Amino acid sequence: MNVFSFSKKIGDTLHHLWEREHFDIDIFPSLACQAITNFNPSQEINIFDIPYDLLNRPEIPHQRINKGSSFGQPPLTLYVSEDKRFFIEIYLWSSIDMTIHDHPFSGAFAIIEGVCRHDIYFFDKTGGSRQLQTGVLTLKESEVLSQGDCRKIYNGDRLIHRNLHLSKPTVTFIIRTFKEPGFTGLIFEESGLAVAPDLNQAESKYLDYLEGILQLHKNDTAYRMIQSLVKSDSSDYAKYRSAEIYLEHTCHYHEIDLLSGMLNVSIPDVPLDIFRNTFLLHKSRYLNGNGQYSSY
């Protein structure tokens, strides 16, 4: 049985069980985790067989594109329920993912190959803006997950976590709902900044052009673009992300204070030292070779 047929068996069975529970979202994580445990994909799926399954199946489920970000190296959507209530994906990982995040969805994930460290956090919010929250991030629990281990995913701050992929490869299998109303999905920095990565289409394209200009090594032009963006009525996240992109491409870490000050004038609800400390963390990760970031 190929990976798509196998995932359809899981998905159709889970849909029937959830329908009996009147699609109660609070029950879904338990049902998804139980489905993974019962069908045991770690014993049924070989990541190296998947390319051949693709050759023999030209029509595959619609593949998701998450606002340009990539989660998985690569990700693959295996199943989408007919009523678009949930879907199943598999992710191949070849590098460490450092992202601490919560979720705008519910479900469950499992390790089907390799080993990862699963860190769970608590965030005590103290202020900031809607898109750029400030607070204290505390590690609550850390565990090692290996082949066959499954964990539930809850929406919002009920689960703030990260998976550090410790083996090459690590393969994860996830069953999850689509984005649920009222939840954004935050990315948390150890500096105490929690970011809601929301962009409208114009902001997204502006940042695409900023990256394009930086790839041409037109750093002065890019810097002026950031100045114009920060002075505009654009979202707090777009302003923050522009500085982040600039530092990622130029490694001009000597400009951290200038960029932080510029952001602080436009976003006074976020203390200057939060921006500065966050960018210094990014610098440290870059110098240590741990610059891989991703989000659901």
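## Strands E1 and E2

Let's begin with one pair of neighbours: strand E1 and strand E2 (residues 86–93) run antiparallel and are joined by five bridges. If you would like a spot to click on, try threonine 77, whose bridge partner in E2 is glutamate 89. Keep in mind as you look around that this is a predicted model.

Strands of a sheet pair through backbone hydrogen bonds, in either a parallel or an antiparallel way.

## The five-stranded sheet

E1 and E2 belong to an open sheet of five strands, and reading across it gives the order E1-E2-E9-E4-E7, with antiparallel pairing. Its edge strands are E1 (75–80) and E7 (150–153), each of which pairs on one side only. From one strand to the next, the twist averages 20°.

## Helices on the sheet

Which strands does helix H1 touch? Helix H1 (residues 3–20) packs on the sheet and touches E1, E2 and strand E9 (170–177). The direction of H1 makes about 50° with that of E1.

Helix H2 (residues 28–39) packs on the sheet too, and its contacts are with E2, strand E4 (107–113), E7 and E9. Here the angle to look for is the one between the directions of H2 and E4, which is about 25°. Both E2 and E9 are thus touched by H1 and by H2.

## A pocket that involves E1 and E2

Now for the second largest pocket, which has a volume of about 170 Å³. Its lining is made up of Ile47, Phe48, Ile50, Pro51, Leu54, Pro74, Pro75, Leu76, Ile90, Tyr91 and Leu92. Helix H4 (50–55), E1 and E2 are the elements that give two or more residues to this lining.

How do the lining residues divide into nonpolar, polar and charged? The lining of the second largest pocket has 11 nonpolar residues, with no polar and no charged ones.

## The E5–E6 hairpin and E11

Elsewhere in the chain, strand E5 (residues 115–128) and strand E6 (residues 132–146) run antiparallel, joined by 13 bridges. The connection from E5 to E6 is a hairpin through three residues. To find your way along this pair, look for aspartate 124, whose bridge partner in E6 is valine 136.

E6 has a further partner in strand E11 (residues 193–195), with three bridges in the antiparallel sense. One place to see this pairing is leucine 132, which has valine 195 in E11 as its bridge partner.

Technical notes
Residues numbered from 1 in each chain as written. Predicted model: local features only at pLDDT ≥ 70, side-chain atom pairs only at ≥ 80, totals over all residues. Heavy atoms only, no water. Pairing = 2+ DSSP bridges. Helix = DSSP H or I, 4+ residues; strand = E, 2+ residues; numbered from the N terminus. Axes fitted to C-alpha atoms, helices over the stretch in contact; angles between N-to-C directions. Contact = heavy atoms within 4.5 Å. 1 Å grid on protein atoms, 1.4 Å probe; cavity = no way out; pocket = protein on both sides within 12 Å on 5 of 7 lines; lining within 4 Å. Points joined across faces, edges and corners; volume = space filled by probe spheres on them. Nonpolar A, V, L, I, M, F, W, Y, C, P; charged D, E, K, R; others polar.
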